[in-house]
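Biologist: I'm new to this one and would like a close look at a single part. Please pick one contact, walk me through its surroundings, and then link it to other places along the chain.

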Amino acid sequence: MRPILMKGHERPLTFLKYNRDGDLLFSCAKDHNPTVWFADNGERLGTYRGHNGAVWCCDVSRDSGRLITGSADQTAKLWNVQSGQQLFTFNFDSPARSVDFSVGDKLAVITTDPFMELPSAIHVKRIAKEPSEQTGESVLLIKGPQGRINRAIWGPLNRTIISAGEDAVIRIWDSETGKLIKESDKESGHKKTVTSLVKSADGSHFLTGSLDKSARLWDTRTLTLIKTYVTERPVNAVAMSPLLDHVVLGGGQDASAVTTTDHRAGKFEAKFYDKILQEEIGGVKGHFGPINALAFNPDGKSFSSGGEDGYVRLHHFDSDYFNIKI
């Protein structure tokens, strides 16, 4: 499994996202320019120029026609994937941290950071079919809890929104009314900031990663804790294989502490865990800094990781990976 090293970003990676067909990979970084790559050979297809702050997050529509990005420049932007043209800019009063298209791509949920006196917030925007008809109005605005919301995603059938962030509590909101339906309890929940949140392919469960050095698997409807994966370092990114019962955790210590350790200490590897048995089954080394982003190709045959070192590493699995028996 020789990785393909994808050079193109000048600053640390923040987010990776494959399109539904698995032929394109979108990367976000602190260098203002979201980038799209061929997912099989790592060739760079183009960049989306227009943000003037770190880009924290992106999502791509089901038909791979639209890209949405959220940035520290206090905007979220809609783009034409093919041409790179900016279609619309949603303006906010604080950085846009997380973006996620609904099933059907008619809505998008965008979270904004607390800033000055403003609390964190979850915004639901209607996404028009024609860019000319797009408006910036929110269909729903949920004033968030204390601290940053690092990730908000749609629940089953777009009926709920699942959010998590700095206060370590996972919340499920009603996407029509904005009412809080459930929240994770202090006992079974994370103890520190939740950095990442990803849904399973069928949406029945989701995985969260946290600075408390663990990742947890939850039932989407009931918010019941199903599994816990414990590691030795803060978790910045998580991913779930759509094909096998594997979860991958990526992390490392804070960027501020990076220079104090040797990269050969193996702190910067992507760790694979058995989803059911909760035990570590392997690791993939390579990054020279903490892993900030992970994504599985929808076909389950490859995955990519993005690091503090500014590289995206694309790994195609060997055939023996699919025959792993524990």
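**A charged pair and its surroundings**

Modeller: Let's start with Lys285 and Glu269, whose side chains meet in a salt bridge at 3.7 Å, N to O (a side-chain nitrogen of Lys or Arg within 4 Å of a carboxyl oxygen of Asp or Glu). The two sit 16 residues apart in distant parts of the chain: Lys285 belongs to the loop between strand 25 and strand 26 (291-296), and Glu269 to the loop between strand 23 and strand 24. Lys285 is exposed, with a relative accessible area of 53%, whereas Glu269 is buried at 11% (buried is under 20%, exposed over 50%, partly exposed in between, with a 1.4 Å probe and protein chains only). Nor is this pair on its own: salt bridges with shared partners join Glu269, Lys271, Glu280 and Lys285 into one network.

A word on the model: it is predicted, so to speak, with local features needing pLDDT of at least 70 and side-chain atom pairs pLDDT 80 or more, while totals for chains, interfaces and linings use all residues. Numbering runs from 1 along each chain as its sequence is written, and side-chain values use heavy atoms, leaving out hydrogens and water.

Now for the strands (DSSP runs of E, at least two residues, numbered from the N terminus). Strands 22, 23, 24 and 25 make an open sheet in the order 22-23-24-25, with antiparallel pairing (pairing takes at least two DSSP bridges). Strand 22 (235-240) and strand 25 (280-284) are at the edges with a single partner strand each, so one side of each has no neighbour in the sheet. Further in, strand 23 (residues 246-251) and strand 24 (residues 270-274) pair in the antiparallel sense over 4 bridges. If you want a spot to look at there, Val248 stands opposite Phe272 in strand 24.

How does that compare with other parts of the chain? Another open sheet of 4 strands has the order 2-3-4-5 and antiparallel pairing. At its edges are strand 2 (13-18) and strand 5 (44-47), each with a single partner strand, so one side of each is left without a neighbour in the sheet. Strand 4 (residues 35-38) pairs with strand 5 over 3 bridges, in the antiparallel sense. Within that pairing, Thr35 has Thr47 in strand 5 as its bridge partner.

Back to charged pairs: the whole structure has 9 salt bridges. One of them joins the side chains of Asp113 and Arg97 at 2.7 Å, N to O. Asp113 is in the loop between strand 11 and strand 12, and Arg97 is in strand 10 (residues 96-101), so the pair ties together parts 16 residues apart in sequence. Both Asp113 and Arg97 are buried. That loop, between strand 11 (107-112) and strand 12 (121-126), also holds Phe115, which is partly exposed with a relative accessible area of 35%.

Arg216 and Asp212 form a salt bridge too, at 3.8 Å, N to O. Arg216 is buried at 11% relative accessibility, and Asp212 is buried at 17%.

Finally, the UniProt record (unreviewed entry) places "repeat: WD" at several spans, including 142-183 and 284-314; such annotations may be inferred rather than shown by experiment. Residues 142-183 are 0% helix and 52% strand, with end C-alpha atoms 15 Å apart. For residues 284-314, the span is 0% helix and 52% strand, and the end C-alpha atoms lie 11 Å apart.
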